[in-house]
Number of protein chains: 4
Amino acid sequence: MNKYKVRTDLAMENGEKYEKDNVEIQGVRIKRHYNKVKDIHTTLVKIETEHGARMMDKPIGTYITMEAPSLAVSDEDYHKEISVELSRHLKKLLPKDLESVLVVGLGNQDVTPDALGPAVIGNLHITRHLVREYGSGGPGAENAPMISSLVPGVMAQTGMETLEILQGVVEKTEPDVIVVIDALAARNTRRLNCTIQLTDTGISPGSGVGNYRSGLNQETLGIPVIGIGIPTVVDAGTIVHDAVSNLLEALDESEIEEFLGEIINPSLTSMFVTPKDIDETIKRLSFTVSEGINMAFVE
Amino acid sequence: MNKYKVRTDLAMENGEKYEKDNVEIQGVRIKRHYNKVKDIHTTLVKIETEHGARMMDKPIGTYITMEAPSLAVSDEDYHKEISVELSRHLKKLLPKDLESVLVVGLGNQDVTPDALGPAVIGNLHITRHLVREYGSGGPGAENAPMISSLVPGVMAQTGMETLEILQGVVEKTEPDVIVVIDALAARNTRRLNCTIQLTDTGISPGSGVGNYRSGLNQETLGIPVIGIGIPTVVDAGTIVHDAVSNLLEALDESEIEEFLGEIINPSLTSMFVTPKDIDETIKRLSFTVSEGINMAFVE
Amino acid sequence: MNKYKVRTDLAMENGEKYEKDNVEIQGVRIKRHYNKVKDIHTTLVKIETEHGARMMDKPIGTYITMEAPSLAVSDEDYHKEISVELSRHLKKLLPKDLESVLVVGLGNQDVTPDALGPAVIGNLHITRHLVREYGSGGPGAENAPMISSLVPGVMAQTGMETLEILQGVVEKTEPDVIVVIDALAARNTRRLNCTIQLTDTGISPGSGVGNYRSGLNQETLGIPVIGIGIPTVVDAGTIVHDAVSNLLEALDESEIEEFLGEIINPSLTSMFVTPKDIDETIKRLSFTVSEGINMAFVE
Amino acid sequence: MNKYKVRTDLAMENGEKYEKDNVEIQGVRIKRHYNKVKDIHTTLVKIETEHGARMMDKPIGTYITMEAPSLAVSDEDYHKEISVELSRHLKKLLPKDLESVLVVGLGNQDVTPDALGPAVIGNLHITRHLVREYGSGGPGAENAPMISSLVPGVMAQTGMETLEILQGVVEKTEPDVIVVIDALAARNTRRLNCTIQLTDTGISPGSGVGNYRSGLNQETLGIPVIGIGIPTVVDAGTIVHDAVSNLLEALDESEIEEFLGEIINPSLTSMFVTPKDIDETIKRLSFTVSEGINMAFVE
């Protein structure tokens, strides 16, 4: 029997199904904070045990989610206040005495909602080659760590898994930490393009536009991997799920999944849902994220 | 009461609901043809009366739809056989003794599934400036009509309606006919990226990614307007409709629409569904279409 | 006999040859100003008579040139101080009580040093469609005039002269003024990418990458046309001229031109010279210019 | 004393200075062939000794240069006859029993004349992931070797040397051979965009738009490296050199270099010369090259 399983790349969304039922999950700690001035809801999810990881369907680790409705609309300063907040959280996840970092822009730059990662890279201040040539106090690299970047492309373009490419580059260039940027899939359209997730668990094989068969994390890459993601798409099946589950309130989730397994067209699994103005959105969001990263490294 | 209305830019899809019920529509003639060698299903829809137009929800005119499943997969020759077929149909719609044609690539080149029109323009042989400089037998324009092209952009980028821009350009450059290329919305995911519609009714305000408030047609532009479109997206609400209507077979369409009006999230109306490999698809399809157009003008 | 004539789109460069010889040109007034804090040299050239126009090889009108060496290097705030200055000059050239403006990004977005115009358009706040829908006090258009924009493409892509396209669009959409943005050719490599010229004479058929056979100005378009340009290329022949004229100091300019007409390879006239890092440069400069334009319209 | 040294990435151009003087270089064999039907001049340069390498200023190895004037003009079949010829030469340089190949597109995709490598990659049939999933007889990979590809970007974007990135990727994915595609610098504008060089010596630190401080070759990468390049730019200093050397025929090359060292503006060394229609050219050439590579692997 085919079940249709709703998936999300946001840890906090996986937490929500339990909260609805007022169930506490052993091994998972959730903390919320609301910054009224900036209108940012922050959710900190700590998955501490294997049991918690199973329940949340996400690896053990820390997940910080910033929800900022204002992100969805244009702003003269490219939402500098959110860049500042992102920078603050990122610094907490970065190792101390950082000397060298590799920032990786995942995704396909030819598919608009998947182009977030490559777009962020385009706005970063890259310094590794300058530091190596002139030293860390030299021109263009004032006291920043060595920052390098890569846009590896997707498997349909390269024939290689992103993990293979990164393993090789990490071995040769020996950064202390990797920061990967990726477009994510949410399960709630309301979260699209106004939510930023930071995690110290890297990137897991996910439901976004790009497909990673192998996770990018400390275990596979040998150094800490910080993931920064923004949901820009929703699985096509998910919006059917939501409409139908409203409709079938009497059924429990497992019955709904079974039911959807029958009525959802299998071709939908290779499709995604995204807003019509995704071009403007990616341009704006990528700037906010890259400014946040630039700030985190400069001090 | 809010009803959810499924929309499609394909005339033949609007015909299907009647055929299911074996109803003939007065004022509409439908003819089908299957080319076994090329595996192309061609449907000719002629809407001949106002009554037919109302029933089909499309303007009076001719609609030729080519369905070619092979279009969805890669091919060394960029599906030359389909370019040839497209060229044959286009020639029948073009006025005789054509001296000058303006080809317009509608849509937003920064949103992948909406970039079909601009991509087609990029592969056309433009000759108007050569004919005007060297005459029609001159270099680069052997006996072709004067071909000019424009990528007007979308209203969010220009602040202008596409109709305003085209009216102005038509008045100044006086082409005999306009050919507009656009990405369409289908209501059946099965038709995405393997269906080409040609029509002598131009482009109507539609359900695709781009929004045209005013139609582009002979009435608004003063010269014949031929539309060539390929469905690259499906309305997000449509896939919910389909799943649910399977489910609610007992209800009739109007009851379903009412029902969906309640359960479908309004934000879905600003979203679209498209395949994850839409980048490769647009690249391939735009080549097939532009070769078809190039052929139509050279002989 | 073939003479090689050095050309420049910068009025102030045409002025320099006379200054070298300490000659005053009748009908031309030149004023200089240096802002020490911002390190901007501003030159105001007023060509007031036909005689002056002939001597300067530029139409009668006002030319403001800002030279800011700092523009050539990266800056966190995208050189906001220069955007402010640009905005100040632009406001002086704009008509009073402006209700509607069309901003045009000239050039070929597929040739990096010619992509300045299209890149500037990409960062503008477009409001015409919003004002028309919600009124001038509505969302997204707080008291700004109606701003529309167009990226017409180049003749090799469209088969049409830019003038034809603009004449048509102006007639239909009736702006009060046009602002055209274009990449220019300088004759001195030292001025590349750090000089901004504003003029009320529009754009003349020039020596840049794009070729305009017909000028874009009040005479041809019926409304004021303000040109904003940055030199991003130098004519390939020019750098030969400079090297050789150093060498042949004994000869006068006319003798040098004759001489160069013989030794310069004619194919050079279809080539340009530009810096290797032109991609970064265009990205940065386009932001500075579009911010300057945005500021000019908001207050 | 500063000498200005004309540089070229084409081995055959370095040979020419000796031929002019009718000098045979020890350790260098040069063979010419003209295909009248296809109008292709082929030059085979074999540098066999260290002495030859010094004289030619290029590493020991084989250099095949195809000059095809027709490449410079548009063609309906994208110059299939040249793709076939390129494929034939490439096969001779490839190892026998090839199982896996990595194709690398060097250069900066944001600078038009440097975007040849990335553009070629965009048209390749990538199969490595398919072969690994379905076997070498599977769908989409009929008997082809495993083909993977990478667009590493340039140092200003990544902060890493291309060599570092490739060394890592080669170690992890273990191809049998690398094919690198790059835009080159010629010293004669007549050769721009109509000359293809193949070599088994990879890519040397060159004079093109991109800068490679470390060579990409068998010595640095551990496997054979085949370079395919097309000159798309000329050094800005070169065109001065040519004009002046016509002028100073009495001087020998060393005197000219000294002389130019004095009169050539040092900023010219960071500039390049390229034709104004370079966008069309890159699009066309990249297709011819990628088709040639595709053919070489399929049989």
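How many residues does the contact take from chain B and from chain A? In this predicted model, the contact draws 33 residues from chain B and 33 residues from chain A, and the views below begin with that interface before turning to other parts of the structure.

**View 1. The interface of chain B with chain A buries about 2,700 Å².** Carbon and sulfur atoms give 64% of this buried area. On the chain B side, B:Met271, B:Phe272 and B:Lys276 together supply 25% of the area that chain B buries against chain A, which is more than any other three residues supply. Between chain B and chain A the count of salt bridges is 0, whereas the count of residue pairs in polar contact, with both residues at pLDDT 80 or more, is 9.

**View 2. Elements of chain B that face chain A include helices and a strand.** The side of chain B that touches chain A receives at least two residues from each of α9 (236-247), α10 (253-263), β9 (271-275) and α11 (278-298) of chain B. Of the elements on this side, α9(B) gives the most, with 7 residues. Sorted by class, the side of chain B that touches chain A has 17 nonpolar, 13 polar and 3 charged residues.

**View 3. Strand β9 of chain A pairs with β9(B) across the interface.** The strand from chain A covers residues 271-275, and its pairing with β9(B) is in the antiparallel sense over 5 bridges. Within this pairing, A:Thr274 has B:Phe272 as its bridge partner in β9(B); B:Phe272 is also one of the three residues that supply 25% of the area chain B buries against chain A.

**View 4. Chain B also has an interface with chain D, where 5 residues of chain B are in contact with 5 residues of chain D.** The two chains bury about 570 Å² between them, and 41% of that area lies on carbon and sulfur atoms. Across the interface of chain B and chain D there are 0 salt bridges, although 3 residue pairs, both members at pLDDT 80 or more, are in polar contact. The side of chain B that touches chain D is made up of 2 nonpolar residues, 2 polar residues and 1 charged residue.

**View 5. A salt bridge within chain A joins the side chains of A:Arg191 and A:Glu13.** The distance from N to O in this pair is 2.9 Å, and over all chains the structure holds 36 salt bridges. Because A:Arg191 lies in the loop between β6 (177-186) and β7 (195-199) of chain A, while A:Glu13 lies in helix α1 (residues 11-20) of chain A, the pair ties together parts that are 178 residues apart in sequence.

**View 6. Chain A as a whole contains 11 helices and 9 strands.** Along its principal axes, the C-alpha trace of chain A spans about 65 × 45 × 40 Å. The radius of gyration of chain A is 19 Å, which agrees with the value near 19 Å that a compact globule of 299 residues would have.

Technical notes. Residues are numbered from 1 along each chain as its sequence is written. Chains are lettered from A and ligands numbered from 1 in the order in which they are written. This is a predicted model: local features need pLDDT of at least 70, side-chain atom pairs count only at pLDDT 80 or more; totals for chains, interfaces and linings use all residues. Side-chain values use heavy atoms; hydrogens and water are left out. Contact means heavy atoms within 4.5 Å. Buried area is the accessible area (1.4 Å probe) that two parts lose on being put together, summed over both. A salt bridge is a side-chain nitrogen of Lys or Arg within 4 Å of a carboxyl oxygen of Asp or Glu. A polar contact is a pair of N or O atoms within 3.5 Å; within protein, one must be able to donate a hydrogen and the other to accept it, and residues adjacent in sequence count only if both atoms are side-chain atoms. Helices (H or I, at least four residues) and strands (E, at least two) are DSSP runs, numbered from the N terminus. Ala, Val, Leu, Ile, Met, Phe, Trp, Tyr, Cys and Pro count as nonpolar, Asp, Glu, Lys and Arg as charged, and the others, Gly among them, as polar. Two strands pair if DSSP finds at least two bridges between them. The radius of gyration is taken over C-alpha atoms; the globule rule is 2.2 Å times the number of residues to the power 0.38.
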